[in-house]
Amino acid sequence: MTAASRETRLSDRDAIERFLEMMAAQSGAARNTLSAYRTDLRLASEVLSGALVVADAESLGRLATSWDALSRATIARKAAALRRFFAFLVEEGDLTDDPSSALPRPGSDRNLPRTLSHDDVDRLFAVVSERLGREPPLTADLRLAALMELLYGSGLRASELVGLPRLAVQSDKPFLILKGKGGRERLVPLSDRARAAVAAWRVHVPVEQHYLFPSGKTHISRFRLFQLVRAIAAEAGIAPDRISPHVLRHAFATHLLEGGADLRALQSMLGHADIATTEIYTHVDRRKLVELVNERHPLREALVDAGARAS
């Protein structure tokens, strides 16, 4: 048995709540993350008839068998939640041994993020520029320009963008400070274009408004942002199912990496807690990597000379 006794052990429910309190306080886990952990752990407890905290390798093997019909990504998520849970119980002294080595470690089904080419982005902003060329430009087009510049120029999440306060972007500050998932603050660089677009739009936002992109009593919704992005994409000749606000965030990250951005710097800009999340953006064109080695490697000339002699 991995705990002192069944009589004196924590109940599964109490142990799970203690674990979630730790995740919230020490790791700054977001509400959705905590909810997912709670669901996965309680379901595991149900399968094991309330004996999760005293589970051994054999019982965890039975639990894993109950996951057979699930996707690899779901299994990986459930197993990860349980591993963190058991590690916590060991650290707290509630367990002497961690049985989680019996859990499966499937490769996840994480797909590469959908993104846009540089040409796609050029076409999107060509449409925005054409609209702004009207005299005078429509206020709706000024708002659209500000939204698009912040999405692609700073890689904001849709929820972060629509909820920006009216004065979040300042003309004399090339950055803004955001509080993202888990309450973590991060510094987000702003391009000159984005600040100019916001300044042009903000003169049309009443000073009594709290939000930069107001609508009714609050701000425009993420769904409305989604609609605006797809409408501009259709006008630019881009299939609507290829684009969304999140795809523009992916394009921001991918294009920065292609331009030589540091992965750690990109992690900070995107607000990722784990560098592994940022690494999904390293799907840059392999031909560009080969060209980079051939053109920039310090031994390039020696390698070329050696190849010539060998031939």
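Tutor: Before we start: two residues are in contact when heavy atoms lie within 4.5 Å. What we have is a predicted model, where local features need pLDDT of at least 70, side-chain atom pairs count only at pLDDT 80 or more, and totals for chains, interfaces and linings use all residues. Residues are numbered from 1 along each chain as its sequence is written, and side-chain values use heavy atoms, with hydrogens and water left out.

Student: Then which residues does glutamate 149 touch, apart from those up to four places away in sequence?

Tutor: Phe125, Ser154, Arg193, Ala194 and Ala197. Glutamate 149 itself sits in helix H6.

Student: Why is glutamate 149 called buried?

Tutor: Its relative accessible area is 11%. Buried means under 20%, exposed over 50%, and partly exposed in between (1.4 Å probe, protein chains only), so glutamate 149 lands in the buried class.

Student: And what makes its pairing with arginine 193 a polar contact?

Tutor: The two side chains come to 2.6 Å. The cut-off is a pair of N or O atoms within 3.5 Å; within protein, one must be able to donate a hydrogen and the other to accept it, and residues adjacent in sequence count only if both atoms are side-chain atoms.

Student: How many helices and strands does the protein have?

Tutor: There are 14 helices and four strands. They are DSSP runs numbered from the N terminus, with at least four residues for helices (H or I) and at least two for strands (E). Of the 311 residues, 40% are buried.

Student: How do you know that H6 and H10 are oblique to each other?

Tutor: H6 covers residues 139-154, H10 covers 245-258, and they pack at about 45 degrees with axes 7 Å apart. Axes are lines fitted to C-alpha atoms, for helices over the stretch in contact, and angles run from 0 to 180 degrees between N-to-C directions. Under 35 degrees is roughly parallel, over 145 roughly antiparallel, 65 to 115 roughly perpendicular, and the rest oblique, so H6 and H10 are oblique. On the H6 side the contact involves Met148, Leu151, Tyr152, Gly153 and Ser154, and on the H10 side Pro245, Leu248, Arg249, Ala251, Phe252 and His255. Sorted by class, that gives seven nonpolar, three polar and one charged residues. Nonpolar here covers Ala, Val, Leu, Ile, Met, Phe, Trp, Tyr, Cys and Pro; charged covers Asp, Glu, Lys and Arg; the others, Gly among them, are polar.

Student: What makes H5 and H9 roughly perpendicular, then?

Tutor: Helix H5 and helix H9 (residues 222-235) pack at about 95 degrees, their axes 8 Å apart, and that angle therefore earns the label roughly perpendicular. Leu124, Val127, Val128 and Arg131 of H5 meet Ile232, Ala233 and Glu235 of H9. Five of these residues are nonpolar, none polar and two charged.

Student: Why does histidine 118 count as partly exposed?

Tutor: Its relative accessibility is 40%, so it counts as partly exposed. Histidine 118 belongs to H5, which spans residues 118-132. Beyond its neighbours within four places in sequence, it contacts His255 and Glu258. Histidine 118 and alanine 251 are 133 residues apart in sequence, yet their C-alpha atoms are 8.5 Å apart.

Student: How do you know that serine 49 is exposed?

Tutor: Its relative accessible area is 68%, so serine 49 is exposed. It lies in the loop between H2 and helix H3 (57-65). Its phi is near 55 degrees, a positive value in a residue other than glycine. Most residues other than glycine have a negative phi, and most peptide bonds are trans.

Student: Where is there a cis peptide bond?

Tutor: Between glutamate 135 and proline 136, with omega near -10 degrees. Proline 136 is in the loop between H5 and H6.

Student: What makes E1 and E2 a pair?

Tutor: Two strands pair if DSSP finds at least two bridges between them. E1 and E2 (residues 185-189) have five bridges, in the antiparallel sense. Among the bridge partners, leucine 178 goes with arginine 186, and phenylalanine 175 with proline 189.

Student: Which E1 side chains are buried?

Tutor: Leu176 and Leu178, on one face; Phe175, Ile177 and Lys179 point to the other and are not buried. In E2, Arg186 and Val188 form the covered face, and Glu185, Leu187 and Pro189 the uncovered one.
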